[in-house]
Amino acid sequence: KELPWFEWFPGHHLKLCKLNPITGQIITFIKSQTGVSLAVHFHPGTVVVYTVQGEWTYDEGWVARAGDVVFEVAGSTHSPRMCGKEETIVFAIIEGALEFRDENGNVTFVENWQTLLKRYHDFCAKEGIQPVDITSFEPIKS
């Protein structure tokens, strides 16, 4: 509960739980407004997404709802869209980086544990709050 939500992209906020500098794994909650999409991205590693609240889809004939688990295969490219009537919250375990792409498939930027750690530290500095060491292997005490 001491970990803050911070804006990731317009309409999307993160609550980072753990960033693993050894494996590059990212463990996070993502909270998104209804109707928004996340930009097209490719991930070389697997992603496991548990839907806590709301609904989302890749427009492939299925919708993930609260309680659903989606396993994203390594090497996939997609753009999730929030389609429910309430904001969507997911818990995601991301193995490695996310490569965001433009309409021609060119990489526009890469998000990884290091860039997310910087975003988190920048947010904490701006808000005047003490960041939690989310790269540590010590348990976070509540």
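Trainee: Which residue forms a salt bridge with E111?

Mentor: Good place to start, and keep in mind that this is a predicted model. Side chains of opposite charge can pair when their charged atoms come close. Here the closest N and O atoms of the pair are 2.9 Å apart. The partner of E111 is R119.

Trainee: Is E111 buried or exposed?

Mentor: Buried means under 20% relative accessible area. E111 has a relative accessibility of 2%, so E111 counts as buried.

Trainee: And how does its partner R119 count?

Mentor: The class between buried and exposed starts at 20% and ends at 50% relative accessible area. R119 has 27% relative accessibility. Therefore R119 counts as partly exposed.

Trainee: How many salt bridges does the structure hold?

Mentor: We have just met one of them, the pair of E111 and R119. Another joins E99 and R101, with the closest N and O atoms 2.7 Å apart. In that pair, R101 is partly exposed, with a relative accessible area of 23%. For the whole structure, the number of salt bridges is five.

Trainee: R65 and E55 meet in a salt bridge too, so how many residues apart are they?

Mentor: Their side chains meet at 3.2 Å, N to O. R65 sits in strand β7 (residues 64-65) and E55 in strand β6 (residues 55-57). The pair links distant parts of the chain, and the separation is ten residues.

Trainee: Why do R65 and E55 count as partly exposed?

Mentor: Partly exposed lies between the limits of 20% for buried and 50% for exposed. R65 has 42% relative accessibility, and E55 has 25%. Because of these values, R65 counts as partly exposed, and E55 also counts as partly exposed.

Trainee: Let's turn to the space inside. How much space lies in the largest cavity?

Mentor: Rolling a probe the size of a water molecule over the atoms shows where empty space is left. The structure holds one cavity of 30 Å³ or more. The space in the largest cavity is about 240 Å³.

Trainee: Which element gives the most to the lining of that cavity?

Mentor: The lining has 19 residues, and among the closest to the centre are I30, V49 and V90. The elements that give two or more residues are β3 (25-32), β5 (47-53) and β11 (88-95). With four residues, the element that gives the most is β11.

Trainee: How many residues of the lining are nonpolar?

Mentor: Sort the lining of the largest cavity by class. One residue is charged and five are polar. The number of nonpolar residues is 13.

Methods
Residues numbered from 1 in each chain as written. Predicted model: local features only at pLDDT ≥ 70, side-chain atom pairs only at ≥ 80, totals over all residues. Heavy atoms only, no water. 1 Å grid on protein atoms, 1.4 Å probe; cavity = no way out; pocket = protein on both sides within 12 Å on 5 of 7 lines; lining within 4 Å. Points joined across faces, edges and corners; volume = space filled by probe spheres on them. Nonpolar A, V, L, I, M, F, W, Y, C, P; charged D, E, K, R; others polar. Salt bridge = Lys/Arg side-chain N within 4 Å of Asp/Glu carboxyl O. Buried < 20%, exposed > 50% of the residue type's maximum accessible area, 1.4 Å probe, protein only.
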